[in-house]
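Here are a few short exercises to work through with the model open beside you. Try each task before you read its solution.

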Amino acid sequence: MPVALEVVAFCVAAAVSLATSYLLVTRLERIGERLGLSEALLGMVAALAADAPEITSAVSALAAHQQKVGAGVIIGSNVFNLAALLGLGALVAGRIALHRKVVLLGGSVGLWVAAVCLVTTTGTIPPGAGLAAVLAVLIPYLVLLGVGRARLGSLPVARRWEDWLAVAIHEEEQELGDVIHPPHGRRQDVVVGAAALVTVVAASVVMERSGAALGTRFGVPQIITGGVVLAAVTSLPNAVAAVYLAARGRGAAMLSTTLNSNTLNVAAGLLLPATIIGLGAPSVHSALIAVWYLGLTALAMAFAYRDGGVRRATGVLIIGSYLVFLGSLLATAHTSAPGLRATGVPLLLTAAGWTAGLARRPGRRRAPAPPGEAAQPGDVTQPAGSTETSEESSS
């Protein structure tokens with residue numbers, strides 16, 4: 001196929017896939033509302049639908065035995081999500097206030113999935129074992145979100161955890177309830193949703209195949225095609241939605257959206273198809289992306305818990321870390337066995353910067369905690385009308 005046609009196919013398929021994924025999200029939310037799903041489960045359904053382009057592109061690449069592209073799309077999009085949803089969202093909003101229990105509950109699941117992704121990508125455990133490890137945590141988490149606060153007592157949960165989980169689930173539903181208001185679903189929503197799903201899948205396959213063909217034609221390494229280009233393109237709708245919500249002061253749901261999206265990406269887009277198709281030989285570059293994914297997730301959750309949210313300074317750190325990650329990946333993509341200087345040094349320097357930021361005392365003044373949660377040490381406030389924290393002002 002001529003280059004011009006491949007470029008047109010890629011652009012048209014990307015536009016169709018991303019536009020139709022929005023339609024799929026809205027229809028699945030309506031269907032979920034008709035079925036009586038809780039706000040938290042509706043959030044998971046929305047995240048899964050929004051992830052359809054990434055998941056389909058990854059499965060298409062794995063089926064074509066392009067393991068670096070497939071793994072790169074999923075893990076690279078997860079790193080991009082952290083930068084675009086949390087980092088850029090906080091940069092636009094100035095500060096995103098979060099419930100600490102939501103950070104602990106969702107962050108624990110997110111960190112576990114990121115760790116399993118890393119050990120699976122490096123070949124330490126087979127994809128089937130990785131999938132089982134993720135489902136062992138994801139299924140109970142979905143059950144907790146599904147039963148809601150009122151029926152939590154019906155589950156075999158220790159009494160000392162029941163109250164804590166009830167509050168955490170309620171607070172997560174409060175955050176998601178600010179952005180998820182689907183109307184009651186009708187029968188035609190099922191038909192439209194099914195048609196949208198078929199369209200997203202078909203367009204995403206065309207996008208992945210044409211993108212991979214263009215990468216091969218121009219000598220672009222597979223890890224760049226998947227981990228940078230396709231990862232960013234397929235995640236653009238989430239990034240746009242994050243900026244839109246953050247600019248209107250409704251960014252609290254971004255943490256749950258980011259973590260849920262990343263978790264479902266790994267489970268449905270990487271581990272499940274890899275269990276069936278195979279993941280191929282371990283790749284240094286795929287492992288490098290997985291290390292950044294785990295490290296950036298851990299550090300973002302540490303800041304979010306300490307500050308009771310994500311401040312603008314933290315958003316700048318997240319975006320800056322993503323740029324360092326891109327530089328490291330681009331510098332090593334053409335080398336089959338990159339050295340420690342090009343891979344480990346940027347990671348260590350970034351980790352040192354994050355550690356210094358965590359060690360630095362936040363501003364002295366406290367910000368009001370999110371509704372339903374008492375103020376905690378480390379919360380930072382700011383003058384009325386200002387979007388900068390006192391720490392940022394002092395710098």
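**Exercise 1. Find what share of the residues in the protein is buried, and how its contacts are spread along the chain.**

Step 1. In this predicted model, buried residues make up 53% of the 395 residues.
Step 2. Take the contacts with a separation of 6 or more: 83% of them join residues 24 or more positions apart.
Step 3. For the secondary structure, count 14 helices and two strands.

**Exercise 2. Locate the largest cavity and describe its lining.**

Step 1. A search for cavities of 30 Å³ or more returns one, and the largest cavity holds about 30 Å³ of space.
Step 2. Now list the lining: Val102, Gly106, Tyr141, Glu172, Leu255, Ser256, Leu259 and Asn260.
Step 3. Assign these residues to elements: helix H5 (100-121) and helix H10 (254-277) are the ones that give two or more residues. H10 gives the most, with four.
Step 4. Sort the lining by character, and you get four nonpolar residues, three polar and one charged.
Step 5. One general point helps in reading such lists: an α-helix has 3.6 residues a turn, so residues three or four places apart point the same way.

**Exercise 3. Check the length of H5 against its expected span, then look for a bend.**

Step 1. H5 has 22 residues, so at 1.5 Å a residue it should span 32 Å.
Step 2. The end C-alpha atoms of H5 lie 30 Å apart, which agrees with that expectation.
Step 3. Follow the axis of H5 and you will find a bend of about 25 degrees at Gly107.
Step 4. Continue just past H5, where Gly123 has a positive phi of about 85 degrees.

How values were computed:
Residues are numbered from 1 along each chain as its sequence is written. This is a predicted model: local features need pLDDT of at least 70, side-chain atom pairs count only at pLDDT 80 or more; totals for chains, interfaces and linings use all residues. Side-chain values use heavy atoms; hydrogens and water are left out. On a 1 Å grid over the protein atoms alone, a cavity is a set of points where a 1.4 Å probe fits but cannot get out, and a pocket is an open set with protein on both sides within 12 Å along at least five of seven lines; lining residues have an atom within 4 Å of a point. Grid points are joined across faces, edges and corners, and a volume is the space filled by probe spheres set on the points. Ala, Val, Leu, Ile, Met, Phe, Trp, Tyr, Cys and Pro count as nonpolar, Asp, Glu, Lys and Arg as charged, and the others, Gly among them, as polar. The expected span of a helix is 1.5 Å times one less than its number of residues. The bend at a residue is the angle between axes fitted to the seven residues ending there and the seven starting there. Buried means under 20% relative accessible area, exposed over 50%, partly exposed in between (1.4 Å probe, protein chains only). Contact means heavy atoms within 4.5 Å.
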